[in-house]
Amino acid sequence: LRWLKSCRAKPFCASSGSMASETTELQSQRSKHGDLSELIDRMETLAESKLYAQLTDCIVEYVNQPSVSTSQDDIYKLFDNFVKKFANMMNPTKFVHLLSRATLQMAKLQGAEAALEYATGFTEQLSSNAAASLLLRSLRAALLLEAGNLQESRDVLDSVEKELDSAYGMDSVAYSRYYEVDRLYYKKTSDMTKFCRSSLMYLKYTPIAEIPESERGTTAFEIVAAALLSEEEYNFGELLDYEVVKASAGSPQGWILDLLNAFNEGRLDLFDEAITKHAAAIQGSKELASSVDSLRRKMALLALMELAFQKPQNERNLSFGEIQIHCRLADHTEVERAVMRAMSLGLMRGKMDQVDGTLSVNWIRPRVLDKGRLEILKSRIDQWAGGAQVLLSKLEEMTPELLVS
């Protein structure tokens with residue numbers, strides 16, 4: 001109610017005098033996107049019928065179409081000439097979503113400063129809705145980032161994060177948008193670990209339907225690449241479960257899933273196969289091309305973890321020779337370095353005997369288990385249950401019969 005009352009005094013309501021410009025804009029959109037005429041006709045009908053909730057959803061569906069979302073200025077023109085006239089009647093958070101899409105196009109055409117000034121003009125109008133206000137501030141952070149004002153962008157993001165941490169019942173879209181901009185900040189500052197973690201939080205709060213189809217392949221590629229390159233990320237099972245990552249299999253960037261699967265399995269043979277098969281694509285990625293050696297070292301640590309995991313807990317005494325062969329390391333010195341690195345990262349705990357050339361592992365960092373690893377655990381539980389039953393039978397045989405008089 002507060003939102004509606006504050007909006008009555010605003011000048012953005014659609015009127016008969018503005019219908020001509022609205023119709024002109026829809027005609028312009030129709031001429032560019034003839035294949036979407038049905039959606040455009042529906043927008044026109046819903047606007048005339050004043051069915052604003054349905055109109056909002058129709059507009060969101062339209063701007064998510066690949067040909068529109070990848071256009072140079074169609075979203076901005078649609079917003080400026082059509083959408084903003086219905087601002088008072090739209091869901092505030094969806095309105096800011098459309099504003100975000102429009103201003104990001106505007107920033108590329110007229111500069112981030114102009115887009116920032118345009119977006120700031122809606123601050124007062126959206127101030128009565130907590131989620132919409134936070135979305136607008138996240139948009140401000142994104143535009144500051146686009147303008148190169150990294151520190152000011154970080155300050156805005158930190159203030160938004162503080163409010164989100166103390167909020168109760170906040171719309172998930174506010175978290176989604178915050179983490180979307182947060183990940184872009186860390187991408188800009190080349191902090192792969194924080195970019196990866198922020199990206200995973202973004203995916204947790206963002207249904208795949210909310211990510212434009214044209215951006216899904218790139219989004220998945222960037223997140224997977226960051227996870228592979230991060231010096232602290234060693235759990236890849238969770239990443240494989242995200243819909244946007246699964247959906248990228250058929251995209252031009254889908255080849256990176258072969259590397260991701262190799263890392264998740266801890267198998268150097270799959271890693272070498274992927275490196276050879278996708279050599280040209282890897283060279284096309286500056287970050288991956290310059291990091292093949294570090295990826296191989298990380299792969300060796302994952303192979304060591306997998307080697308220890310495959311062993312029953314009472315048989316996790318590994319010789320340096322076994323580790324060297326399995327992890328494809330040059331010599332025992334490289335084995336020692338790999339073991340110390342794994343322990344320093346908290347990937348495993350145990351005791352290394354450099355004199356005898358052995359490693360005793362008593363703990364491995366938990367990871368998301370796939371079906372294969374679950375089968376291993378099931379087999380071990382079955383063995384334990386069988387051993388317990390044998391022990392019980394022996395105890396029963398050894399126990400003298402008790403006579404009760």
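How many aromatic pairs does the structure hold? The structure holds 15. Rings of Phe, Tyr and Trp (its six-membered ring) pair if their centres lie within 6.5 Å; planes under 30 degrees apart count as stacked, over 60 as edge-to-face and the rest as tilted.

1. **Basis.** This is a predicted model, in which local features need pLDDT of at least 70 and side-chain atom pairs count only at pLDDT 80 or more, while totals for chains, interfaces and linings use all residues. Residues are numbered from 1 along each chain as its sequence is written, and side-chain values use heavy atoms, with hydrogens and water left out.

2. **Y52 and F86.** This aromatic pair is tilted. The ring centres are 5.9 Å apart, with 45° between the planes. Y52 sits in helix 4 (residues 52-63), and F86 in the loop between helix 6 (74-81) and helix 7 (92-110), so the pair ties together parts that are 34 residues apart in sequence. Helices (H or I, at least four residues) and strands (E, at least two) are DSSP runs, numbered from the N terminus. Both Y52 and F86 are buried. Buried means under 20% relative accessible area, exposed over 50%, partly exposed in between (1.4 Å probe, protein chains only).

3. **Y185 and Y186.** The ring centres of Y185 and Y186 are 5.3 Å apart and the planes stand at 80°, so this pair is edge-to-face. Y185 is buried at 12% relative accessibility. Y186 is buried at 15%.

4. **Ring cluster.** Y76, F79, F95, Y118 and F122 are linked into a cluster by ring pairs.

5. **Nonpolar core.** The largest nonpolar core has 121 residues. Such a core is a set of buried Ala, Val, Leu, Ile, Met, Phe, Trp, Tyr and Cys residues joined through side-chain atoms within 4.5 Å. I59, F82 and I323 have the most contacts inside it. Leaving out residues up to four places away in sequence, F82 touches E22, E25, L26, M43, A47, L55, I59 and K77. Contact means heavy atoms within 4.5 Å.

6. **Helix 3.** Two of the residues touched by F82, M43 and A47, are among the buried residues of helix 3. The others are L39, I40 and L46. Seen down the helix axis, these buried residues fall within an arc of 125°, so they line one face. The arc is that of the directions from the helix axis to the C-beta atoms. E38 and E48 are exposed on the face turned away from the buried side. Helix 3 (residues 37-49) has 13 residues and reaches 18 Å from its first C-alpha to its last, close to the 18 Å expected at 1.5 Å a residue. The expected span is 1.5 Å times one less than the number of residues. Just after helix 3, K50 takes a positive phi of about 60°.

7. **Cysteines.** The structure holds zero disulfides. A disulfide here is a pair of cysteine sulfur atoms within 2.5 Å. C196 is buried, at 1% relative accessible area. C327 is also buried, at 3%.

8. **T219.** This residue lies in helix 14 (residues 213-229). T219 is buried, at 9% relative accessibility. Beyond four places in sequence, T219 touches R183, Y202 and I211.

9. **K351.** K351 lies in strand 2 (residues 348-353). K351 is exposed, with a relative accessible area of 63%. Apart from neighbours within four places in sequence, K351 contacts M343, T358, L359 and S360. K351 and V361 are ten residues apart in sequence, and 6.6 Å apart in space, C-alpha to C-alpha.
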